[in-house]
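Visitor: I would like to learn how to read pockets, cavities and buried positions in a model. Could we take the features one at a time?

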Amino acid sequence: MTPQWFKKKFGQSVSREQGLPLIVTLDGFLSAGNVGALAAKVLRQNKIDTVHEFDSDSLIDHRARRPMMKFSSDHYHDYRPHRLTVTHHEDMEGDGYFLLSGPEPDYGWESFIQEVHELVDEYDIPLVLNLGGVPMGVPHTRPPLLTSHGNRPELVDRKNMWDAEIQIPASVQSLLELRLGESGHDAAGYVVHVPHYLAQVDFPTAALELIDAAGSRLDRIFNVERLILEEDVTNAQIKSQIEEQGGLDVLQGLEEQYDAFHGAEDSLLAD
């Protein structure tokens with residue numbers, strides 16, 4: 001049986017004497033496989049209180065991401081506006097952390113980041129840890145890969161697939177990491193590589209990889225039992241759909257590409 005939580009010593013842990021770390025996972029550009037929402041479900045457990053709520057009405061394009069409400073017979077009710085918050089939580093051993101979650105802002109990036117910066121100062125947050133996912137040409141049948149990043153070299157705690165410079169579209173999370181570094185605050189993160197054919201659906205396996213990395217980095221224990229159950233159901237559905245739609249040849253090609261690349265990488269590391 002897969003464990004219900006993860007706790008590994010990996011990289012630099014945040015000391016209990018310091019302020020609490022802030023985990024950032026937003027629904028938006030870095031949400032392939034819906035990893036932001038899936039991870040947030042786990043990380044929102046054991047909530048203590050809401051530390052800060054942003055003005056979502058000025059940050060979110062409501063026509064692009066319409067909030068939900070109900071209509072009963074002849075009237076509207078139960079309007080549910082988007083909420084972008086920083087909340088305080090405890091893990092399974094009572095150790096605390098902050099969580100910034102909700103929709104990625106569409107507007108006012110710099111002002112939003114300045115607001116986060118003020119919270120980092122106010123609560124003496126030692127590390128801001130970004131979690132996200134991007135679509136890649138990888139198979140779902142192999143272990144998910146992570147790209148580690150940070151605004152200081154010492155904060156990058158694992159080897160990445162490549163060592164090159166590329167130009168990418170910006171996100172609020174990436175800009176937050178950059179701006180915090182410019183002001184002397186530590187920020188790091190992990191981006192999980194999600195199979196491109198699963199980018200628009202829930203992929204719990206990738207979210208579990210992010211939570212594992214965050215738990216290891218921050219020395220926190222998160223209850224992932226429910227997400228593991230979702231993973232089993234989702235993977236069975238993926239397998240069934242690929243077989244029905246005749247996608248086994250494409251999947252095999254991705255597996256061979258993955259194995260060839262990582263087999264060669266392992267050989268180089270072994271030398």
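Guide: We can begin with a single residue, Pro 103, which is found in strand β6. Keep in mind that this is a predicted model.

Visitor: Is Pro 103 buried or exposed?

Guide: The term buried is used for a relative accessible area under 20%. Pro 103 has a relative accessibility of 9%, so this proline counts as buried.

Visitor: Which residues does Pro 103 touch, leaving out those up to four places away in sequence?

Guide: Contact is judged by heavy atoms within 4.5 Å. With that exclusion, Pro 103 touches Leu 26, Asp 27, Ile 60, Arg 65, His 82, Arg 83 and Leu 84. Take Ile 60 from that list: Pro 103 and Ile 60 are 43 residues apart in sequence, yet their C-alpha atoms are 7.5 Å apart in space.

Visitor: Which pocket has Pro 103 among the residues nearest its centre?

Guide: That is the second largest pocket, where Arg 44, His 82, Arg 83, Gly 102 and Pro 103 lie nearest the centre. Its volume is about 390 Å³, and its lining has 20 residues. At least two lining residues come from each of α1 (35-43), β2 (47-53), β5 (85-90) and β6 (96-103). By class, the lining of this second largest pocket divides into six nonpolar, seven polar and seven charged residues.

Visitor: What can be said about the burial of α1?

Guide: For a helix, one counts its buried residues. Seven of the nine residues of α1 are buried, so this helix is largely enclosed by the rest of the structure. The buried residues are Val 35, Gly 36, Leu 38, Ala 39, Ala 40, Val 42 and Leu 43.

Visitor: And β5, for a strand?

Guide: One residue to look at there is Thr 85, which lies in strand β5. Thr 85 is buried, with a relative accessible area of 8%. Leaving out residues up to four places away in sequence, Thr 85 touches Thr 50, His 52, Glu 53, Phe 54, Leu 99, Leu 100 and Ser 101.

Visitor: What is the volume of the largest pocket, and which residues are closest to its centre?

Guide: The largest pocket has a volume of about 960 Å³. Its lining holds 32 residues, and Thr 147, His 149, Ile 168, Ser 174 and Val 191 are the closest to the centre. β7 (128-136), β8 (146-150), α4 (172-182) and β9 (187-195) each supply at least two residues of that lining. The classes in this lining are 17 nonpolar, 12 polar and three charged residues.

Visitor: Against which elements do the buried residues of α4 pack?

Guide: Here the reading goes from burial to contacts. In α4, Val 172, Gln 173, Leu 175, Leu 176, Glu 177 and Leu 180 are buried. The buried residues of this helix pack against β1 (22-27), α3, β7, β8 and β9. After α4 comes Gly 184, whose phi is positive, near 85°.

Visitor: Which residues other than glycine have a positive phi?

Guide: Two examples are Asn 46, with phi near 55°, and Asp 124, with phi near 50°. Asn 46 is found in the loop between α1 and β2, and its relative accessibility of 43% counts as partly exposed. Asp 124 lies in the loop between α3 (109-122) and β7. This aspartate is exposed, with a relative accessible area of 54%.

Visitor: How many cavities of 30 Å³ or more are there?

Guide: A cavity differs from a pocket in that a probe fits inside but cannot get out. The count here is two cavities of 30 Å³ or more. The largest cavity has a volume of about 60 Å³. Among the residues that line the largest cavity are Val 138, His 140, Arg 142, Phe 203 and Tyr 258. That lining has eight nonpolar residues, two polar and one charged.

Visitor: Which residues line the second largest cavity?

Guide: Val 42, Gln 45, Asn 46, Glu 90, Asp 91, Met 92, Tyr 97, Ile 221, Phe 222 and Asn 223 line the second largest cavity, which has a volume of about 40 Å³. By class, five of these lining residues are nonpolar, three polar and two charged. Two names recur from earlier turns: Val 42 is one of the buried residues of α1, and Asn 46 has the positive phi near 55°.

Notes
Residues numbered from 1 in each chain as written. Predicted model: local features only at pLDDT ≥ 70, side-chain atom pairs only at ≥ 80, totals over all residues. Heavy atoms only, no water. 1 Å grid on protein atoms, 1.4 Å probe; cavity = no way out; pocket = protein on both sides within 12 Å on 5 of 7 lines; lining within 4 Å. Points joined across faces, edges and corners; volume = space filled by probe spheres on them. Helix = DSSP H or I, 4+ residues; strand = E, 2+ residues; numbered from the N terminus. Nonpolar A, V, L, I, M, F, W, Y, C, P; charged D, E, K, R; others polar. Buried < 20%, exposed > 50% of the residue type's maximum accessible area, 1.4 Å probe, protein only.
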